[in-house]
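Colleague: I am new to this structure and would like a close look at a single part of it. Please take me through that part slowly.

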Amino acid sequence: MIDIIILMVAAFGAGALNTVAGGGTFLTLPALIFTGVPPVAANATSAVAVFPGYAGGALGFLPEMRSFDRALLIRLTLVTLAGGLAGSLLLLISSDEAFSIVVPFLLLAATCVFLFGAQIRDWAASRARSITPQGSVGLFLVSVYGGYFNGGLGIVLLALFALWGMTNLHQMNGLKSGLSFALSGISVATFALAGLIEWPQALVMMLASTAGGYAGAPLARMMPPRALRLLIAAIGFGMSIVFFARLL
């Protein structure tokens with residue numbers, strides 16, 4: 001019962017964080033590992049736990065998605081699916097020991113990307129002229145990362161879009177939500193077919209994260225953005241320290 005409460009609280013918080021700013025993986029992955037789920041299975045189950053939030057985001061940004069050329073959108077989605085599948089398969093062949101070594105570095109990198117996301121996007125935008133618009137290679141590599149480890153994916157995608165020369169934040173968020181949903185869908189399907197998901201925990205967390213997603217909107221209005229970002233960064237750095245300590 002204590003484990004269920006921990007997972008529900010973590011998933012509720014993750015749903016709220018993903019709605020207002022992102023960073024839900026900083027809560028769901030550590031909670032699953034803490035309650036005894038092996039690291040690789042925990043990462044797969046965490047992807048399932050936050051999946052409903054991506055679906056809701058994609059539906060919410062349908063008008064922005066429809067503003068893109070359909071052929072371009074199809075191509076970008078196919079590249080994302082290919083990269084997500086590659087990243088998911090990479091996770092399947094990773095041992096728990098290897099993934100445990102990689103996790104602290106991934107959490108730390110994702111936290112830094114989250115904390116300095118605005119600066120990263122500005123840097124990317126300043127170099128947009130030297131990058132091929134809507135290039136497939138960059139999107140494929142980002143999707144491989146997202147299929148293997150979902151943390152910080154949204155910020156990385158937004159930075160990539162800035163490199164492409166995109167400036168309309170609403171369109172960027174719409175494209176981010178749609179591609180994140182596609183990537184998460186292929187990852188969840190891959191993990192499910194491989195029998196890697198702990199379904200009792202996943203179902204409980206899906207319900208809690210959905211509820212947290214609804215609660216996130218009023219929370220975002222109440223809490224100053226800077227304070228919220230610092231809170232999420234503190235969680236991310238704290239979890240990184242915990243997982244680095246586990247390696248010692």
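Colleague: How many residues does the largest nonpolar core have, and which of them have the most contacts inside it?

Modeller: Bear in mind that this is a predicted model. The largest nonpolar core has 37 residues, and Phe-99, Phe-149 and Phe-191 are those with the most contacts inside it. Two or more residues of this core come from each of helix H1 (2–20), helix H2 (25–34), H3, helix H7 (96–115), helix H11 (169–193), helix H12 (199–222) and helix H13 (225–247). H3 gives the largest share, seven residues.

H3 deserves a look of its own. Helix H3 covers residues 39–49, and eleven of its eleven residues are buried, so the helix is largely enclosed by the rest of the structure. Among the buried residues of H3 are Pro-39, Val-40 and Asn-43. These three also appear around Phe-99: leaving aside residues up to four places away in sequence, Phe-99 touches Pro-39, Val-40, Asn-43, Leu-91, Tyr-148 and Phe-149. Phe-149 is thus a contact of Phe-99 as well as one of the residues with the most contacts inside the core. Apart from this core lies another, of 19 residues, including Leu-76, Val-79, Leu-157 and Met-166.

Helix H11 also holds Thr-190. Thr-190 has a relative accessible area of 10%, which is under 20%, so this residue counts as buried. Not counting residues up to four places away in sequence, Thr-190 touches Leu-85, Ser-88, Leu-89 and Leu-92. From Thr-190 to Gly-147 the C-alpha to C-alpha separation is 9.7 Å, while in sequence they are 43 residues apart.

How values were computed
Residues numbered from 1 in each chain as written. Predicted model: local features only at pLDDT ≥ 70, side-chain atom pairs only at ≥ 80, totals over all residues. Heavy atoms only, no water. Buried < 20%, exposed > 50% of the residue type's maximum accessible area, 1.4 Å probe, protein only. Helix = DSSP H or I, 4+ residues; strand = E, 2+ residues; numbered from the N terminus. Core = buried A, V, L, I, M, F, W, Y, C linked by side-chain atoms within 4.5 Å. Contact = heavy atoms within 4.5 Å.
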